[in-house]
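User: Could you take a close look at one part of this structure for me? I'd like to hear how the charged side chains pair up, and then how the rings fit in.

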Amino acid sequence: MSAIQNNQDIEQIYKDNLNFWDTAWTRVTKIHKDPPKLPYIHEVARKFKKFQLKKVLDLACGSGWLSVFLSKYNFDVTGMDISEAAITLANQWKKEDNIQNIDFVCGDIFEMPFPEKTFDAIVLNSSLEHFRYDQAKIVFEKISKTLVDKGFFFGCFDQVGSGKGEYFELEDSTHVYTDDMRKGMMLRNFTDEELKGLLSSFDILSFDKNTYGSRLVWARKK
Ligand SMILES: C[S@@+](CC[C@H](N)C(=O)[O-])C[C@H]1O[C@@H](n2cnc3c(N)ncnc32)[C@H](O)[C@@H]1O
């Protein structure tokens with residue numbers, strides 16, 4: 001393991017990580033339409049209903065399973081992911097099932113291609129782990145700006161990085177995988193204290209742990 005400091009290296013490592021995602025999504029030939037059996041997604045939909053939220057952004061949506069799940073509750077859902085291959089799959093799903101209340105957009109969290117205060121709620125599911133700590137700070141600034149005043153945030157933050165695999169480490173302990181399976185993928189474990197710090201512009205409404213050890217965070221913009 002070695003620490004990388006050079007900015008050019010850091011940029012290239014991040015590009016390789018994005019390339020990992022696009023390649024991974026390109027390999028998906030069949031869309032898996034069954035949502036994972038995760039009890040919290042029903043709770044998220046129930047809460048959004050309770051607060052009569054309408055416009056929901058599923059950030060880093062992948063091929064869109066959570067967007068599709070939420071669309072069944074009649075929210076106006078936008079799913080955004082940086083991978084063109086993922087958004088192509090998501091749009092294929094939308095077309096096949098003739099879903100009217102979803103838009104899928106190919107875009108970068110760091111550019112956030114929406115006007116300020118667009119969404120009543122933003123969900124970020126199992127994705128923050130793929131950013132460095134300095135990037136995660138920007139992710140939450142973007143989320144906060146894109147939410148309406150008093151808008152809601154739900155995040156699932158997985159416990160990662162303790163399994164097998166070959167990788168080197170960046171200064172902030174982000175793992176950069178070098179084995180064939182995950183070559184280029186970045187993975188970082190965020191501590192509870194870090195998550196709470198990243199959410200400093202939010203009131204944290206609940207901070208739970210599920211049976212997989214993932215942090216489930218429900219929060220409201222201050
Ligand atoms: C682990 S997947 C999670 C996908 C989905 N949220 C889920 O729960 O299955 C992480 C996703 O983040 C996307 N991603 C990575 N960097 C991104 C960025 N800068 N902007 C938008 N999406 C990004 C990847 O393309 C990938 O689809």
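Analyst: Happy to. Let's begin with K33, which has a relative accessibility of 29% and so counts as partly exposed. Bear in mind throughout that this is a predicted model. K33 makes a salt bridge with E96, and their closest N and O atoms are 2.7 Å apart. This pair links distant parts of the chain: K33 is in the loop between α1 (7-26) and α2, E96 is in helix α4 (residues 84-96), and 63 residues separate them. E96 has a relative accessible area of 48%, so this residue is partly exposed. There is a third member here too, as K33, E96 and D97 are linked in a network of salt bridges.

Side chains of opposite charge can pair when their charged atoms come close. A search of the whole structure finds 10 salt bridges, and two others are worth a look. K94 and D103 meet through their side chains at 4.0 Å, N to O; D103, at 47% relative accessibility, is partly exposed. K117 and D149 meet at 3.3 Å, N to O. That pair also links distant parts of the chain, with K117 in the loop between β3 (102-106) and β4 (119-125) and D149 in strand β5, 32 residues apart. K117 is partly exposed, with a relative accessible area of 45%.

Lysines also turn up over rings. The charged end of K55 sits over the ring of F119, 5.7 Å from its centre, while the charged end of K49 sits over the ring of F75, 5.0 Å from its centre.

F75 brings us to the rings, and the structure holds 18 aromatic pairs. In one of them, the rings of F48 and F75 have centres 5.8 Å apart and planes at 80°, so the pair is edge-to-face. F48 lies in helix α2 (residues 39-50) and F75 in the loop between α3 (65-71) and β2 (76-81), so the contact ties together parts 27 residues apart in sequence. F48 and F75 are both buried.

In another pair, the rings of F51 and F152 have centres 4.5 Å apart and planes at 40°, so they are tilted. This pair links distant parts of the chain, from F51 in the loop between α2 and β1 (55-59) to F152 in strand β5 (residues 147-157), 101 residues apart. F51 is partly exposed at a relative accessible area of 33%, whereas F152 is buried at 1%. These four phenylalanines belong to a cluster in which ring pairs link F48, F51, F69, Y73, F75, F152 and W218.

Terms used. Residues numbered from 1 in each chain as written. Predicted model: local features only at pLDDT ≥ 70, side-chain atom pairs only at ≥ 80, totals over all residues. Heavy atoms only, no water. Phe/Tyr/Trp six-rings, centres within 6.5 Å; stacked < 30°, edge-to-face > 60°. Helix = DSSP H or I, 4+ residues; strand = E, 2+ residues; numbered from the N terminus. Buried < 20%, exposed > 50% of the residue type's maximum accessible area, 1.4 Å probe, protein only. Lys NZ or Arg CZ within 6 Å of the ring centre and 35° of its normal.
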